[in-house]
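Hi,

Here is the structure I promised to pass on to you. Have a look at it first, and then read on for what I found in it.

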Amino acid sequence: MYTFQSLTSSLSLVPPIPQKPNLNLHFPITSNPSFALKFPVQVCVGIRIIMDRLKAPARLMIVSDLDHTMVDHHDTENLSLLRFNSLWESNYRHDSLLVFSTGRSPTLYKELRKEKPMLTPDITIMSVGTEITYGNSMVPDNGWVEVLNKKWDRNVVKEEASKFSELKLQAETEQRPHKVSFYVEKDKAQAVTKALSEVYEKRRLDVKIIYSGGMDLDILPQGAGKGQALAYLLKKFKTEGSPPVNTLVCGDSGNDAELFSIPEVYGVMVSNAQEELLHWHAENAKGNTRIIHATERCAAGIIQAIGHFKLGPNLPPRDIADFSDYKLENLNPGHEVVKFFLFYEKWRRAEVENSAVYLASLKADCCPSGTFVHPSGVEKSLPECINGLRGSYGDKQGKQFRVWVDGVLATQVGSDTWLVKFDKWELSGEERHATKTTAVISSKVSDVSDGFTWIRVHQTWYKGYEGKDDTTWHF
Ligand code: GLC
Ligand code: MG
């Protein structure tokens, strides 16, 4: 079974990513002189944006595939993804990096984001490692485009592939400048890949052919792929003197195999990994204790791996039934925000007791003169808004109702005060609403371990996700 097979002409300047799946687990990245030629290091606006935010090397960089890895298409409630989200925003967002690495084109990636409660990654790698963008506004890495342009002729790739009747062209959106994609039946994949490789070799084209998910066949420039894109990023961070302390790669299928070949990374193949990836692992990385095959599916497998490799906290706040019983270490503003909105979700789903004690303690966490600017523009008293929750206890019981926060970033604006910005999302039945939220919170009298006091919250509707009925949006 081919997980990926590469074909490199003798004239190539390309660093030797494994020529056959079973070669070179630790292919050289920094020590290979051709690598420097291949990946000219230039000031990259995107990397700078990210490093300005972090100010120190990332504590953890998670590089995760999306379909059937971060996103479980069999989990209609999206619970493992929501659990991961709560863990990331409360414990990692402020000092770590989230990287999504997907086979999807930008078009299909954006569709997935509309369907599933996904966080906003710091870096998005799309189209099987051929497109890299940074931040929320998805600033493209043009240096990577230049690297991939070398020894790549898309027209010849297409022309030769079109001669194979076993190959069915994928949708137009999935044909990208450095990726030509087909469907091919599982039992024909190996023979077609071999024949195609020979044709391209004859035409002196330097391509990589990757078979994934038991159906997809991608043809990319030899220097592309999820692994090479990650190597390129790591090299950039190293050049800036800021490589991540730990990196965890996460995947389930053939196009993820390369990720596990990058030196020094930890890796998790989720429990539901495809046969082609497991086969690659058995042939190439069996003795590597830095790679595990999780017993949990998708995002739950990622959470499991964080614990297994001791990369940091791995108890998602969403798993904590009662925060009052729970003394947390490392309290931070992100944790406070996650906790508040989890409580809010559980209150409306009737998953906490309808107790005056809860509301009283929540009120005690609000400054008596605190204000809340509702996205409608109406300003209210914060403690009164908490009182107002009483009437909506359990109004979403038995219904689909989920709340999550994304991109929680806190800036310390005083000795004990933080300005916290984040997006707050609400899924209610089929509808999704969101606000951009800014909150001012301060640590309680003694120190942060006593928790925070909410002083001011200000929300504005997220364009395209405005709520229709102002009365049902409480926070
Ligand atoms: C995604 C892409 C598809 C690609 C596949 C495997 O499904 O949409 O074009 O072939 O990933 O990489
Ligand atoms: Mg996948």
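The largest nonpolar core has 103 residues, and those with the most contacts inside it are V99, L248 and V337. Helix α10, spanning residues 298-308, gives the most to this core, with 7 residues. At least three residues of this core come from each of domain 1 (4-148 + 224-308) and domain 2 (325-472). As you know, nonpolar side chains in soluble globular proteins tend to be buried together. Please keep in mind that this is a predicted model.

V99 is a good place to start looking around. Once its neighbours within four places in sequence are set aside, V99 is in contact with M61, I62 and V63, and also with P121, D122, I123 and I125.

Now for the overall picture. The protein has 13 helices and 19 strands. Of its 475 residues, 43% are buried. If you take the contacts between residues at least 6 apart in sequence, 67% of them join residues at least 24 apart.

You may also like the sheet of 6 strands. This sheet is open, with mixed pairing, and its order is β15-β14-β19-β18-β17-β16. At the edges are β15 (379-381) and β16 (401-414), each of which pairs on one side only. From one strand to the next, the twist averages 20 degrees. Within the sheet, β18 (residues 431-443) and β19 (residues 452-461) pair in the antiparallel sense over 9 bridges, and S443 stands opposite F452 in β19. Helix α11, residues 333-348, lies across β16, β17 (417-428), β18 and β19, and runs at about 155 degrees to β16.

Finally, two backbone details to check on your screen. Which residues have a positive phi although they are not glycines? One is K55, with a phi of about 65 degrees, and another is V128, at about 55 degrees. K55 sits in the loop between α2 (45-54) and β2 (60-64), while V128 is found in the loop between β4 (123-126) and β5 (131-134). Are they buried or exposed? K55 counts as exposed because it has 8 other C-beta atoms within 10 Å, where the limit for exposed is 12 or fewer. V128 is buried, since 31 other C-beta atoms lie within 10 Å, and 20 or more are needed for that.

Happy to hear what you make of it.

Best wishes

Definitions and conventions:
Residues are numbered from 1 along each chain as its sequence is written. Chains are lettered from A and ligands numbered from 1 in the order in which they are written. This is a predicted model: local features need pLDDT of at least 70, side-chain atom pairs count only at pLDDT 80 or more; totals for chains, interfaces and linings use all residues. Helices (H or I, at least four residues) and strands (E, at least two) are DSSP runs, numbered from the N terminus. A nonpolar core is a set of buried Ala, Val, Leu, Ile, Met, Phe, Trp, Tyr and Cys residues joined through C-beta atoms within 7 Å. Domain bounds come from an automatic or database domain assignment. Two residues are in contact if their C-beta atoms, placed from the backbone, lie within 7 Å. Two strands pair if DSSP finds at least two bridges between them. Axes are lines fitted to C-alpha atoms, for helices over the stretch in contact, and angles run from 0 to 180 degrees between N-to-C directions.
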